[in-house]
Amino acid sequence: VAHERRAFDVAVLTLRPQYLLPFAPGQSVGVSHPAVRTWRYYSPANAPRQDGTLELHVRAAPGGVVSSRLVYGTAVGDQIHLASPVGDRLTLWSAGSSDLLLLAGGTGWAPVKALVEQVAAEGAGRRVDLYVGARSRLEFYDTETIEKLAASFPWLTVTYVVGADPQRPGEFVHAADRALADGDWRSRHVYVCGSDEMVSYSVRALTQAGYHAGQLHHEGLGKHWYGPAWRTALDASAPDNSGGAR
């Protein structure tokens with residue numbers, strides 16, 4: 001019902017499922033286009049809505065047949081296929097009522113946005129600090145929404161992290177680096193979502209800084225996003241390197 005190009009290779013899609021599709025923020029749904037015989041998993045960028053619509057943030061990856069079709073070859077009125085939600089690693093179920101540190105890179109912002117909306121709906125009084133990273137300022141594709149959330153909720157603090165600084169060639173700052181430099185978050189549950197490289201770097205940096213595995217929440221890496229059983233159909237299909245759920 002909506003298709004917005006936010007950058008050359010990024011689109012935000014709004015879908016209205018034919019039937020109610022229950023999901024928890026942080027879960028992902030299988031997505032396929034009728035013209036493509038393969039599935040990819042994307043995390044809705046919203047908490048469940050009364051009208052049942054889903055918002056997907058999609059970056060077209062080189063060789064990604066599904067992601068490229070969704071970004072470049074889909075328009076309002078088209079129909080795509082959706083599968084049941086899967087995964088619980090990024091849900092808030094295991095965080096209890098703890099305060100949160102959220103680290104998002106690129107379109108990994110999508111499930112993190114859903115978590116922020118869930119915290120707002122619960123009204124539990126959590127403190128939430130959000131670090132949104134991108135390689136350059138031009139890659140922050142959803143700043144209007146982020147600023148609106150930050151202005152609406154006093155419990156939410158937002159920090160943007162630009163990885164590449166033209167004044168410092170060869171250096172790259174990760175969202176995790178900035179967060180660790182800003183404070184001690186070891187009393188919080190930490191959610192990390194982005195590319196495989198961003199997630200693996202962040203988890204390694206946090207672990208070395210004394211954060212334990214039980215408080216670090218992230219999806220698996222590469223083809224192991226949701227375990228071998230859920231990936232069988234994908235492994236047998238045409239290759240799509242769009243990065244697991246992203």
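## Exercises on a predicted model

H1 has four names on its buried list: Val66, Ser67, Leu70 and Val71. They span an arc of only 120° around the axis, which puts them on the same side of H1. Keep in mind that this is a predicted model.

**Exercise 1. Work out what covers the buried residues of H1.**

Solution.
- Step 1: Start from the buried residues of H1, which are Val66, Ser67, Leu70 and Val71.
- Step 2: Look at what packs over them. The cover includes strand S1 (2–7), strand S2 (10–15) and strand S3 (28–32).
- Step 3: Carry on along the chain. Strand S4 (40–42) and strand S5 (54–59) are also part of that cover.
- Step 4: Here's a handy bit of background: an α-helix has 3.6 residues a turn, so residues three or four places apart point the same way.

**Exercise 2. Find the buried residues of helix H4 (residues 175–182) and say how they are arranged around its axis.**

Solution.
- Step 1: Pick out the buried residues of H4: Ala175, Ala176 and Ala179.
- Step 2: Now look down the axis of H4. The buried residues fall within an arc of 95°, so they line one face of the helix.
- Step 3: Check what lies over them. Strand S7 (100–105), strand S8 (128–134), strand S9 (156–162) and helix H5 (196–208) are among the elements covering the buried residues of H4.

**Exercise 3. Describe how helix H2 (residues 109–122) and helix H3 (residues 143–152) pack together.**

Solution.
- Step 1: Take the axes. Those of H2 and H3 come within 12 Å and cross at roughly 25°.
- Step 2: Name the arrangement. Angles under 35 degrees count as roughly parallel, and that makes H2 roughly parallel to H3.
- Step 3: Add the handedness: H2 passes H3 in a left-handed crossing.
- Step 4: List who meets whom. From H2 come Trp109, Lys113 and Val116, and they meet Thr145, Ile146 and Leu149 in H3.
- Step 5: Sort the residues by class. The contact of H2 with H3 has 4 nonpolar, 1 polar and 1 charged residues.

**Exercise 4. Three loop residues: threonine 74, arginine 49 and alanine 213. Decide for each whether the residue is buried, partly exposed or exposed.**

Solution.
- Step 1: Threonine 74 sits in the loop between helix H1 (65–72) and strand S6 (81–86). Its relative accessible area is 11%. The cut-off for buried is under 20%, so threonine 74 is buried.
- Step 2: Arginine 49 is in the loop between S4 and S5. With a relative accessible area of 31%, arginine 49 is partly exposed.
- Step 3: Alanine 213 belongs to the loop between H5 and strand S11 (216–217). Its relative accessible area is 67%, and over 50% counts as exposed, so alanine 213 is exposed.

**Exercise 5. Which residues do threonine 74 and arginine 49 touch, leaving aside those up to four places away in sequence?**

Solution.
- Step 1: For threonine 74, the contacts are His3, His33 and Arg69.
- Step 2: Take histidine 33. Threonine 74 and histidine 33 are 41 residues apart in sequence, yet 8.8 Å apart in space, C-alpha to C-alpha.
- Step 3: Arginine 49 touches Thr14, Glu55 and Lys113. You met Lys113 in H2, in the contact with H3.

**Exercise 6. Sum up the whole protein chain: how many helices and strands, and what share of residues is buried?**

Solution.
- Step 1: Count the elements: 6 helices and 11 strands.
- Step 2: Buried residues make up 49% of the 246 residues.
- Step 3: Of the contacts with a separation of 6 or more, 73% are between residues 24 or more positions apart.

Note on methods: Residues are numbered from 1 along each chain as its sequence is written. This is a predicted model: local features need pLDDT of at least 70, side-chain atom pairs count only at pLDDT 80 or more; totals for chains, interfaces and linings use all residues. Side-chain values use heavy atoms; hydrogens and water are left out. Axes are lines fitted to C-alpha atoms, for helices over the stretch in contact, and angles run from 0 to 180 degrees between N-to-C directions. Helices (H or I, at least four residues) and strands (E, at least two) are DSSP runs, numbered from the N terminus. Angles under 35 degrees count as roughly parallel, over 145 as roughly antiparallel, 65 to 115 as roughly perpendicular and the rest as oblique. A crossing is left-handed if the near helix is turned anticlockwise from the far one by less than a right angle, and right-handed if clockwise. Contact means heavy atoms within 4.5 Å. Ala, Val, Leu, Ile, Met, Phe, Trp, Tyr, Cys and Pro count as nonpolar, Asp, Glu, Lys and Arg as charged, and the others, Gly among them, as polar. Buried means under 20% relative accessible area, exposed over 50%, partly exposed in between (1.4 Å probe, protein chains only). The arc is that of the directions from the helix axis to the C-beta atoms.
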